[in-house]
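The exercises below go with the sequence and structure that follow. Try each task before reading its solution.

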Amino acid sequence: MNTPALPDSDQGNVPHSGRWQAYLNDCRALLDIAEPMQVSGRITRVAGLVMEAVGIKLAVGSACTIPLPNGSRIEAEVVGFADDKLFLMPQSDVEGIVPGARVYPVEIMQSLPRPGAVTHPRRRPSDRGRHLPVGAELLGRVLDGAGRPLDSLGPLNAVHSSPLNVRAANPLGRAPITDVLDVGVRAINSMLTVGRGQRMGLFAGSGVGKSVLLGMMARYTTADVIVVGLIGERGREVKEFIEQILGPEGLARSVVVAAPADTPPLMRLQGAAYATTIAEHFRDEGKDVLLIMDSLTRYAMAQREIALAIGEPPATKGYPPSVFAKLPALVERAGNGKEGGGSITAFYTVLTEGDDQQDPIADSARAILDGHIVLNRSLAEAGHYPAIDIEQSISRAMHNITSPEHQKQTRKLKQLTSRYQRNRDLISVGAYSAGTDPVLDEAIKLNPKIESFLQQDITERAGVSESLGQLTALFS
C-alpha cells in the first residue's frame with residue numbers, strides 16, 4: 001500500500017488548500033480499505049466452567065471468540081477479572097481448546113458516512129457487547145439463546161439488532177397500570193385481575209400444572225405479540241410446549257427462545273435476557289407484549305453456577321449476592337413503556353422446591369414482582385385445575401383497575417373459602433352444628449359452586465366480562 005506524497009507548494013497552478021484537500025481524501029480512501037490490527041490474548045487455564053485469559057483487556061460483558069485447531073470456534077463472554085486475568089464463560093462445550101489458544105474480541109461494526117466522503121463509508125467498532133436480531137422477522141420462529149434458529153426454517157433475515165443487556169427505563173417515564181388484561185382464565189380474571197404492564201410470578205412446585213396454565217394464558221391472552229422464554233427446563237418440554245400448548249395459531253404471533261437445562265449457564269442467562277430484549281423491541285414499536293418466562297429460578301441457578309465458578313462466596317443458602325442483584329435487573333426491564341406506547345405484561349414462573357414458599361429465590365421474587373399466583377399441590381392432587389390457591393395469591397395492581405363492587409365480591413369469596421378451609425376437618429367428621437357460625441354456614445352452602453367456579457378446562461376460554469358475570473351470579 002503506497003502512501004500519498006505530501007503536496008509541494010509550487011505544484012502547478014492548483015491552489016495550496018485544494019492540494020491538501022486532495023491529499024487528505026487519498027489518505028481517507030486508504031484508511032477505509034486498510035485491515036485493522038487484531039488485538040488478541042491467550043488462554044492460560046480451563047477449569048470446569050471458566051476459562052482464564054491473559055494479554056487482552058476487555059470490559060465485563062464483552063463478547064469474544066476462540067478459534068480452534070479444527071477450524072471451528074467457541075463464543076464466550078467476559079464474566080469477571082482478577083489482576084491481568086480475564087474470566088471467560090463459554091457458550092458451548094470447551095472441548096478442543098488447547099493451551100495458549102488465541103482469544104479475539106468480537107467487535108460490532110457500524111457503517112458511518114464521513115463528511116465529504118459519500119462513496120467511502122467508514123467502519124469502526126461501536127462496542128463489544130453482544131447484539132442479537134430482533135423484529136417482526138422473528139414471529140413464528142424458535143431460537144436459542146444466541147439468536148440461532150432451532151426450527152430448521154432457514155435464516156432469520158432480521159433487519160434490526162439490539163444489545164442484550166440494557167438498563168431499565170426511568171420509572172418516572174413509564175405509564176401507570178390502568179387497563180385490565182384479559183388472560184382467559186376465570187380464576188385470574190375475577191380474583192387476581194392482571195393489569196396491562198404488570199409483572200406477575202407463578203409460584204409452583206414440580207408437577208402441579210404451571211406449564212398448562214402458562215399455555216392457557218399464551219393462547220387466550222389479548223396481546224399483539226407473545227414472547228416465550230423456556231430457560232433451564234427439560235428439552236422435551238420445549239417441543240411439547242410449542243406443538244401441544246401454543247399450537248400453530250399461538251406460534252404464529254409468538255417468538256420462542258429456548259435454552260434447555262443441558263446448555264451452559266451463560267446460554268441460560270443469555271436466553272432470558274434475549275427474550276426480554278425481543279419483548280422490549282416490540283414494546284418500543286407500540287405493541288402490547290405478553291412475556292412468559294419459565295423459569296426465573298433456573299435463571300438464578302445459572303447465575304449461581306457462574307458466580308461460584310469465578311470465586312464469588314455464597315451468601316444465602318448457597319446463592320451468591322450477585323444472584324439477588326441480577327433478578328431485579330431482569331424483571332425491571334418489563335412493564336409499561338411511555339405514555340401512549342406499548343407494554344410488556346410478564347409472567348415469571350418460580351419453582352418452590354419442596355413447596356417451600358420461603359425459598360430464597362421465591363422470597364426475593366415475591367418482593368420485586370407486582371403480584372404472585374400460588375399453585376397448591378393439594379388442589380392438584382384433588383383434581384382441581386388450575387390449582388390456584390386463592391388465599392395465598394394476590395395481584396398488587398388489582399385495586400387500581402377494578403371497581404369497588406368487584407373488589408367487595410372478591411373479598412367475600414376469599415373469606416368464605418378461608419373459613420371453609422379452616423373448619424374442613426370439623427365439617428368432614430360431622431362435628432360442626434349448623435347455625436353456630438352464619439359465615440361458615442354460607443361457606444358450606446356455596447362451597448360446591450365456588451369450587452366449580454374456580455376450575456376451568458384447558459380448552460375453555462373465560463373472558464373478563466364473562467368471569468365477572470359468573471362471580472356476581474355466585475352470590476345472587
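**Exercise 1.** Which side chains meet in a salt bridge at 3.3 Å, N to O? State where in the chain the partners lie.

Solution. The model is a predicted one.
Step 1. The pair is Glu442 and Lys412, whose side chains meet in a salt bridge at 3.3 Å from N to O.
Step 2. This pair links distant parts of the chain: Glu442 is in helix α13 (residues 438-454), Lys412 is in helix α11 (residues 404-422), and they are 30 residues apart.
Step 3. Both classes of exposure follow from the relative accessibility. Glu442, at 30%, counts as partly exposed. Lys412, at 32%, counts as partly exposed too.
Step 4. Elsewhere, salt bridges with shared partners join Arg45, Glu52 and Lys85 into one network. The count of salt bridges comes to 20.

**Exercise 2.** Compare two salt bridges that form inside a helix: Glu243 with Lys239, and Arg366 with Asp363.

Solution.
Step 1. In the pair Glu243 and Lys239, the closest N and O atoms are 4.0 Å apart. The cut-off is within 4 Å.
Step 2. Both residues belong to helix α4 (residues 235-252), where they are 4 residues apart, about one turn of the helix.
Step 3. Lys239 counts as exposed, because its relative accessibility is 54% and the class begins over 50%.
Step 4. For Arg366 and Asp363 the N to O distance is 3.4 Å. Both lie in helix α8 (residues 360-368), 3 residues apart, which is again about one turn of the helix.
Step 5. Arg366 has a relative accessible area of 15% and is therefore buried, the limit being under 20%. Asp363, at 39% relative accessibility, counts as partly exposed.

**Exercise 3.** How many aromatic pairs does a search of the whole structure find? Classify the geometry of what is found, and look for charges over rings.

Solution.
Step 1. The search finds 1 aromatic pair. Its members are Tyr319 and Phe324, with ring centres 6.2 Å apart and planes at 65 degrees.
Step 2. Planes over 60 degrees apart count as edge-to-face, so the pair of Tyr319 and Phe324 is edge-to-face.
Step 3. Tyr319 counts as buried at 5% relative accessibility, while Phe324, at 25%, counts as partly exposed.
Step 4. Tyr319 also has a charge over its ring: Arg304 lies over the face of Tyr319, 4.3 Å from the ring centre. Arg186 lies over the face of Phe453, at 5.9 Å from the ring centre.

**Exercise 4.** Is strand β14 enclosed or open, judged by how many of its residues are buried? Describe its two sides and its strand partners.

Solution.
Step 1. Strand β14 covers residues 199-204, and 6 of the 6 are buried, so the strand is largely enclosed by the rest of the structure.
Step 2. In a regular strand, side chains alternate between the two faces of the sheet. Here Arg199, Gly201 and Phe203 point one way from β14, and Met200, Leu202 and Ala204 point the other way; all are buried.
Step 3. With strand β19 (residues 343-351), β14 pairs in the parallel sense over 6 bridges. Ala204 stands opposite Leu351 in β19.
Step 4. With strand β20 (residues 371-374), β14 pairs in the parallel sense over 3 bridges. The bridge partner of Leu202 in β20 is Ile373.

**Exercise 5.** Which residues of α8 are buried, and what covers them?

Solution.
Step 1. Helix α8 is mostly covered, with 7 of its 9 residues buried.
Step 2. The buried residues are Pro360, Ile361, Ala362, Ser364, Ala365, Arg366 and Ile368.
Step 3. Their cover includes the strands β14, β19 and β20, together with α6 (296-309) and α7 (321-331).

**Exercise 6.** Set these details against the whole chain.

Solution.
Step 1. The chain has 14 helices and 21 strands.
Step 2. Of its 476 residues, 49% count as buried.
Step 3. Take the contacts between residues at least 6 apart in sequence: 68% of them join residues at least 24 apart.
Step 4. The chain exposes about 22,900 Å², of which carbon and sulfur atoms supply 52%.

Conventions. Residues numbered from 1 in each chain as written. Predicted model: local features only at pLDDT ≥ 70, side-chain atom pairs only at ≥ 80, totals over all residues. Heavy atoms only, no water. Helix = DSSP H or I, 4+ residues; strand = E, 2+ residues; numbered from the N terminus. Buried < 20%, exposed > 50% of the residue type's maximum accessible area, 1.4 Å probe, protein only. Contact = heavy atoms within 4.5 Å. Areas by Shrake-Rupley, 256 points an atom, 1.4 Å probe, with all protein chains shown as cover. Phe/Tyr/Trp six-rings, centres within 6.5 Å; stacked < 30°, edge-to-face > 60°. Lys NZ or Arg CZ within 6 Å of the ring centre and 35° of its normal. Pairing = 2+ DSSP bridges.
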